[in-house]
Amino acid sequence: MPTALIIGASRGIGHEIVRQYRQDGWRVIATARKAQDCDMLKALGAEAHQLDVTDVEGCAGLGWKLDDEKLEVAILNAGVYGPRHDGFPAQADFDAVMHTNVLAAMRLLPILAPLVGNAKGKLAVLSSHMGSLSERSSASGSLYRASKAALNSVLIDTALLHGSQGVTCVAFHPGWVRTEMGGAGADISPEESAAGIRATLASLPASKQAVFRNYDGSPIGW
Ligand SMILES: NC(=O)c1ccc[n+]([C@@H]2O[C@H](COP(=O)([O-])OP(=O)(O)OC[C@H]3O[C@@H](n4cnc5c(N)ncnc54)[C@H](OP(=O)(O)O)[C@@H]3O)[C@@H](O)[C@H]2O)c1
């Protein structure tokens, strides 16, 4: 039975990815930062660990708990958008967005990559097309954009370090999805986004270099 790890699975896209992998009979390890969300994940049949990705000891502790797992798929989904205005960024907003979207990846991806390498599997982050530098046509949400561009950079470095051990690194734009972050007027449902991400992960050929994909598998420029 293949194993998937989803980090940040209390709601939205991450939660739906857990639900779909469980429905397909996968073993799923999932994290959430609240105890009641871990209970909900256990009710779906997942093994659950409590983790706030901004907590350095929590990240290191997850590494100990995962020990020498063999992960066919690992997905770092946890993310925040931050302020909806583009004015002068407050220190607290900057720290919250960068710590959640970037610093956590710098701590977690080196822990997860060898475990994905054990299975010659796929290591994915939930990025955004807003993080693309080459396809950018708007400056709105600049703090979020900067954080996702930096997240992509961390993933590219992870591929340089671990690609030769069979770790295929993938940054995803999940679509504009009807979640708390995406809002009720967004284009697609979490079900459609999660199904596309899973299908793309399943069909992507192994690669030593990181790739950037839309949820439907189409390429996005870095
Ligand atoms: N929705 C979209 O249209 C869209 C578009 C592009 C990219 N994305 C990206 O896709 C990912 C999922 O987005 P979503 O739409 O599902 O967002 P969401 O509904 O707002 O869910 C965000 C998830 O991240 C978790 N999270 C946030 N901070 C965390 C922390 N410090 N520690 C652990 N977990 C934390 C949340 O947990 P809590 O419940 O504990 O807060 C929740 O499970 C994000 O990385 C987002 O940037 C989304």
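Me: What does it take for a residue to count as near the ligand, and which residues come nearest?
Reply: A residue is near a molecule if one of its heavy atoms lies within 4 Å of it. In this predicted model, 30 residues are around the ligand, and those that come nearest are Ser10, Arg11, Arg33, Tyr144 and Thr179.

Me: How do the residues of that shell divide into nonpolar, polar and charged, and which elements give two or more residues to it?
Reply: The shell around the ligand holds eleven nonpolar residues, 13 polar ones and six charged ones. As for location, the ligand sits in the largest pocket, and the elements that give two or more residues to its shell are helix 1 (12-23) and helix 5 (142-162).

Me: Which polar atoms lie 2.8 Å from a nitrogen atom of the ligand, and where does the backbone take part?
Reply: An N or O atom in the side chain of Asp52 is 2.8 Å from a ligand nitrogen, while a polar backbone atom of Val53 is 2.9 Å from a nitrogen atom of the ligand. On the oxygen side, a polar backbone atom of Asn77 lies 2.8 Å from a ligand oxygen. Of the 890 Å² of accessible area that the ligand has on its own, the protein covers 95%.

Me: How many aromatic pairs are found in the whole structure, and why is the pair of Phe212 and Trp222 described as it is?
Reply: In general, the distance of the centres and the angle of the planes describe a pair of aromatic rings. The whole structure has three aromatic pairs. In the pair of Phe212 and Trp222 the centres are 5.1 Å apart and the planes stand at 25°, so this pair is stacked. Because Phe212 lies in strand 7 (residues 211-214) and Trp222 in the segment after strand 7, the pair ties together parts ten residues apart in sequence.

Definitions and conventions
Residues numbered from 1 in each chain as written. Predicted model: local features only at pLDDT ≥ 70, side-chain atom pairs only at ≥ 80, totals over all residues. Heavy atoms only, no water. Polar contact = N/O pair within 3.5 Å; in protein donor to acceptor, adjacent residues only side chain to side chain. Areas by Shrake-Rupley, 256 points an atom, 1.4 Å probe, with all protein chains shown as cover. 1 Å grid on protein atoms, 1.4 Å probe; cavity = no way out; pocket = protein on both sides within 12 Å on 5 of 7 lines; lining within 4 Å. Sits in = over half its atoms within 2 Å of the grid points. Helix = DSSP H or I, 4+ residues; strand = E, 2+ residues; numbered from the N terminus. Nonpolar A, V, L, I, M, F, W, Y, C, P; charged D, E, K, R; others polar. Phe/Tyr/Trp six-rings, centres within 6.5 Å; stacked < 30°, edge-to-face > 60°.
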